[in-house]
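Subject: Structure for your review

Dear colleague,

I am handing over the structure we spoke about, and below it you will find an account of what turned up in it. Please read the notes with the coordinates open beside them.

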Amino acid sequence: MRLAPVNTATFVEQQSSTAQLSIRNVTKVFPGKRGWFNKLTGKTRRDFVAIQDINLEIEPNTFVTIIGPSGCGKSTLLNMIAGLSSISSGEVLLNGAPITGPGSDRGMVFQNYALMPWMTVEENLRFAVETVDPKISAKRRDRILKEYLQLVGLAGAEKKHPHELSGGMRQRVGIARALAINPQILLMDEPFGALDALTRGFLQEEVERIWEQQRKTVIMITHSIEEALLLSDRIVMMTRGPAARIDEILDVPFPRPRNRETIQQHPAYPKLKAEMESHLFRETRAVEAARVGR
């Protein structure tokens, strides 16, 4: 179930013909304020390399999760795919075209919901749809709003404001809003991280159900091994930072549709889980050792 590491130009060339999203030799550097002397600028600074030489090919309709120790650049990578953060070197291609900024071809679901508190559930979705298509007819717009509110189980909550909703319901609004603009790729940055365990488990199964219906390409960041195994087709495991890279990619063989009970009975489940635990433990222990050694 293990795939070869993807940090090779050969792999990129072989896969790019079928890839929907191509990440090629991507590095992200954050300028520092002090450190070495730069002769070109006459200033002293130490730059921070967050991620380095990331290569990844993602095919259409694939659910990919990214895991790794805290601070390894997972969100940085996702933000570059979303067009919310610049790329220091390399390129990210969507259907062969470079990503240079945000676009309606990518929908984003944030951990903190990012809803407009003065708007109702319906108004939050309407704002997103009308921003993407200002000329949309009222009839078509209302049909889209109804469809996606029903999809996430919020029919009847249209007139409620975010403060009237539970955390799980707020995140459903975020998912519905991201899907309502009909993106090619759905990006999810630890979407269940702020939820209690019971709500998190319920929403994981809801996302599995929604994915079965929509079959969007999804890239999700998570710290949960069980969550990754439940939802993913492929799991990208990153090393610790700075200069984090992709260590390896796991292929998840569980048939769909899935639920926790069935995948835990699959013969590959214990091995995959153990491999992920070993990776996270090793990388996290190295992070802590580096902190102690400073």
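A residue is called buried here when its relative accessible area is under 20%. Please keep in mind throughout that this is a predicted model.

With that cut-off, 5 of the 5 residues of strand 6 are buried, so this strand is largely enclosed by the rest of the structure. The burial holds on both faces, since F63, T65 and I67 are covered on one side, while V64 and I66 are covered on the other. Strand 6 runs parallel to strand 11 (residues 217-221), to which 4 bridges join it, and it also pairs in the parallel sense with strand 12 (residues 234-238), again over 4 bridges. T65 takes part in both pairings, standing opposite M220 in strand 11 and having I235 as its bridge partner in strand 12.

Turning to the rings, the count comes to 2 aromatic pairs. One of them is formed by F63 and W211, which meet edge-to-face with 6.4 Å from centre to centre and 65° between the planes. This pair links distant parts of the chain, as F63 belongs to strand 6 (residues 63-67) and W211 to helix 6 (residues 197-214), 148 residues apart. F63 counts as buried because its relative accessibility is 1%, and W211, with a relative accessible area of 4%, is buried as well. W211 has a further partner in R256, which lies over the face of its ring at 4.3 Å from the ring centre. A charge is also placed over a ring at F30, where the charged end of K28 sits 5.1 Å from the ring centre.

As for the nonpolar interior, the largest core has 50 residues, of which Y148, I175, M188, L229, I235, F254 and M276 touch the most other members. Helix 5 (residues 167-180) gives the most to this core, with 6 residues. A second, separate core of 28 residues includes I23, V26, M80 and M238. In soluble globular proteins, nonpolar side chains tend to be buried together.

If you would like one residue to start from, M276 may serve: leaving aside its neighbours within four places in sequence, M276 is in contact with I67, I225, A228, L229, I235, M237 and L250. Among these contacts, I67 is one of the buried residues of strand 6, and I235 is the residue that bridges to T65.

With best regards

Methods: Residues are numbered from 1 along each chain as its sequence is written. This is a predicted model: local features need pLDDT of at least 70, side-chain atom pairs count only at pLDDT 80 or more; totals for chains, interfaces and linings use all residues. Side-chain values use heavy atoms; hydrogens and water are left out. Rings of Phe, Tyr and Trp (its six-membered ring) pair if their centres lie within 6.5 Å; planes under 30 degrees apart count as stacked, over 60 as edge-to-face and the rest as tilted. Helices (H or I, at least four residues) and strands (E, at least two) are DSSP runs, numbered from the N terminus. Buried means under 20% relative accessible area, exposed over 50%, partly exposed in between (1.4 Å probe, protein chains only). A charge sits over a ring if NZ of Lys or CZ of Arg is within 6 Å of the ring centre and within 35 degrees of the ring normal. A nonpolar core is a set of buried Ala, Val, Leu, Ile, Met, Phe, Trp, Tyr and Cys residues joined through side-chain atoms within 4.5 Å. Contact means heavy atoms within 4.5 Å. Two strands pair if DSSP finds at least two bridges between them.
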